[in-house]
Amino acid sequence: MSAAEFDVGRGYRLNPQVALRPEPFGALAYHFGNRKLSFLKVPELVELVRELGEHASVEDALATVPEQRRSQFRNALASLANSDMIRPQD
Amino acid sequence: VEEELLVEEVI
């Protein structure tokens with residue numbers, strides 16, 4: 001999936017195969033399936049990813065982010081979706 | 001304005 005195909009109208013959640021480890025800068029995300037490691041470099045993004053599954057859509061989740069940072073966070077989520085760290089809700 | 005990347009991927 002490319003960033004362009006990331007549908008903010010859909011609900012996403014953290015992949016059950018991914019472990020998030022809190023770090024001073026944000027968190028490390030490790031995918032036990034594809035063995036990818038991602039650095040989430042701001043705590044606000046970590047919080048957003050953790051709470052993603054509680055929102056009906058990515059758009060709803062992004063509404064909790066200050067408007068001027070929304071595009072940046074949307075791109076970050078698209079990147080995480082691309083590496084299967086987050087996946088569409090069932 | 002260069003956008004800071006919030007996610008960096010690498011094992």
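Chain A holds 3 helices and 5 strands, where helices are DSSP runs of H or I with at least four residues and strands are E runs of at least two, numbered from the N terminus. Along the sequence, these elements follow the pattern β-β-β-β-α-α-α-β. Please keep in mind that this is a predicted model: local features need pLDDT of at least 70, side-chain atom pairs count only at pLDDT 80 or more, and totals for chains, interfaces and linings use all residues. Residues are numbered from 1 along each chain as its sequence is written, while chains are lettered from A and ligands numbered from 1 in the order in which they are written.

Let us begin with the strands. Strand β2 (residues 18–23) of chain A runs antiparallel to β3(A), with 6 bridges between them; two strands count as paired if DSSP finds at least two bridges between them. The hairpin that joins β2(A) to β3(A) does so through 2 residues. On its other pairing, β3(A) meets β4(A), again in the antiparallel sense, over 4 bridges. The hairpin of β3(A) and β4(A) has 5 residues between the strands, and A:R35 takes a positive phi near 60 degrees there.

A good residue to follow here is A:Y30, which sits in strand β3 (residues 26–31) of chain A. Opposite A:Y30 stands A:A19, and the C-alpha atoms of these two residues, 11 residues apart along the chain, are separated by 5.3 Å. In β4(A), A:Y30 has A:L37 as its bridge partner. Setting aside residues up to four places away in sequence, A:Y30 touches A:V18, A:A19 and A:L37, a contact being two C-beta atoms, placed from the backbone, within 7 Å. Is A:Y30 buried or exposed? A:Y30 counts as partly exposed because it has 15 C-beta neighbours inside 10 Å; a residue is buried with 20 or more other C-beta atoms within 10 Å of its own, exposed with 12 or fewer, and partly exposed in between, with C-beta atoms placed from the backbone.

Strand β4(A) shows an alternation of its side chains: A:S38 and A:L40 point to one face and are buried, whereas A:L37 and A:F39 point to the other and are not. Within the β3(A) pairing, A:S38 has A:A29 opposite. In β1(B), the bridge partner of A:S38 is B:E9. That link belongs to an antiparallel pairing of strand β4 (residues 37–40) of chain A with strand β1 (residues 7–9) of chain B, over 3 bridges. The contact between the chains takes 15 residues from chain A and 7 residues from chain B. On the chain B side there are 4 nonpolar, no polar and 3 charged residues.

Now for the interior. Of the 90 residues of chain A, 24% count as buried. The largest nonpolar core, a set of buried Ala, Val, Leu, Ile, Met, Phe, Trp, Tyr and Cys residues joined through C-beta atoms within 7 Å, has 22 residues, and those that touch the most other members are A:L40, A:L45, A:V49, A:A76, A:L77, A:L80 and A:I86. β3, α1 (43–51), α2 (58–62) and α3 (70–82) of chain A each supply at least two residues of this core, and α3(A) gives the most, with 6 residues. Beyond its neighbours within four places in sequence, A:V49 is in contact with A:L14, A:L40, A:L80 and A:I86. In soluble globular proteins, nonpolar side chains tend to be buried together. Finally, among contacts in chain A between residues at least 6 apart in sequence, 61% join residues at least 24 apart.

Technical notes
Ala, Val, Leu, Ile, Met, Phe, Trp, Tyr, Cys and Pro count as nonpolar, Asp, Glu, Lys and Arg as charged, and the others, Gly among them, as polar.
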